[in-house]
Amino acid sequence: MTDAMHIVLDETAMTAAGQGNILASRLIHRAHAEAGWYLYAPTCALVEADRDRPGTAEHLVAMPGVTVLDLDLPAALAVARQASWAAAHSQYAAQPTPDRPDGAIIATTAPKRWEGEPVRVLDLNP
């Protein structure tokens, strides 16, 4: 296990950040200010968050602590098998990779959505 914190924002967390959710704001601040904190915005979740709350995408991608994850071929294949592209891309992004050998935690305001899924969850509800 590494000391780095890798956190994937699902679309609910992105929308919450745009609405001033204090826990989401703290994650964004840490990713910008502290070494070893990494925050990811999967493209499909970013699109869905912007549909729910217009302007969210532009707001998040302007933040230096947020890394946008493209929909590359392996991600597209994973997304194609699921009903929700946003959730599928978030789950795919949370899986272990060479850069994130322990995977990532999904930050969400809808933790029940992730029950039974092979991911770790961070509930952003106050």
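Contact, as the word is used in these legends, means heavy atoms within 4.5 Å, and helices (H or I, at least four residues) and strands (E, at least two) are DSSP runs numbered from the N terminus. The model shown is predicted, so that local features need pLDDT of at least 70 and side-chain atom pairs count only at pLDDT 80 or more, whereas totals for chains, interfaces and linings use all residues. Residues are numbered from 1 along each chain as its sequence is written, and side-chain values use heavy atoms, with hydrogens and water left out.

**View 1. The open sheet of 5 strands.** The strands are arranged in the order 3-2-1-4-5 with parallel pairing, where two strands pair if DSSP finds at least two bridges between them. Strand 3 (66–69) and strand 5 (120–123) are the edge strands, each of which pairs on one side only. On average, and with direction ignored, neighbouring strands of this sheet are turned by 35° against each other.

**View 2. Strand 2 and its pairing with strand 1 and strand 3.** Strand 1 (residues 5–9) runs parallel to strand 2 (residues 37–42) and is joined to it by 4 bridges; His-6 has Tyr-38 as its bridge partner in strand 2, and Val-8 has Tyr-40. Strand 2 also pairs with strand 3 in the parallel sense over 4 bridges, and here Pro-42 stands opposite Leu-69 of strand 3. Of the 6 residues of strand 2, 5 are buried, and the strand is mostly covered; buried means under 20% relative accessible area, exposed over 50%, and partly exposed in between (1.4 Å probe, protein chains only).

**View 3. Helix 3 across the sheet, with Thr-43.** Helix 3 (residues 43–52) lies across strand 1, strand 2 and strand 3 and runs at about 70° to strand 2, where axes are lines fitted to C-alpha atoms, for helices over the stretch in contact, and angles run from 0 to 180 degrees between N-to-C directions. Thr-43 lies in this helix and, at 24% relative accessibility, counts as partly exposed. Not counting residues up to four places away in sequence, Thr-43 touches Val-68, Leu-69, Asp-70, Leu-71 and His-89.

**View 4. Helix 5 crossing helix 6.** The axes of helix 5 (residues 73–80) and helix 6 come within 8 Å and cross at roughly 130°. The two helices are therefore oblique to each other (angles under 35 degrees count as roughly parallel, over 145 as roughly antiparallel, 65 to 115 as roughly perpendicular and the rest as oblique). Pro-74, Ala-75, Ala-78 and Val-79 of helix 5 make the contact with Trp-85, Ala-88, His-89 and Tyr-92 of helix 6. Because 8 of its 10 residues are buried, helix 6 is largely enclosed by the rest of the structure; Ala-88 and His-89 are among those buried residues.

**View 5. The surroundings of Met-14 in helix 1.** Met-14 is found in helix 1 (residues 11–18) and is buried, with a relative accessible area of 0%. Leaving aside neighbours within four places in sequence, Met-14 is in contact with Leu-9, Ala-41, Pro-42, Ala-45, Leu-46, Ala-49, Thr-56 and Leu-60. Computed along the sequence Met-14 and Thr-109 are 95 residues apart, yet their C-alpha atoms are 9.3 Å apart in space.
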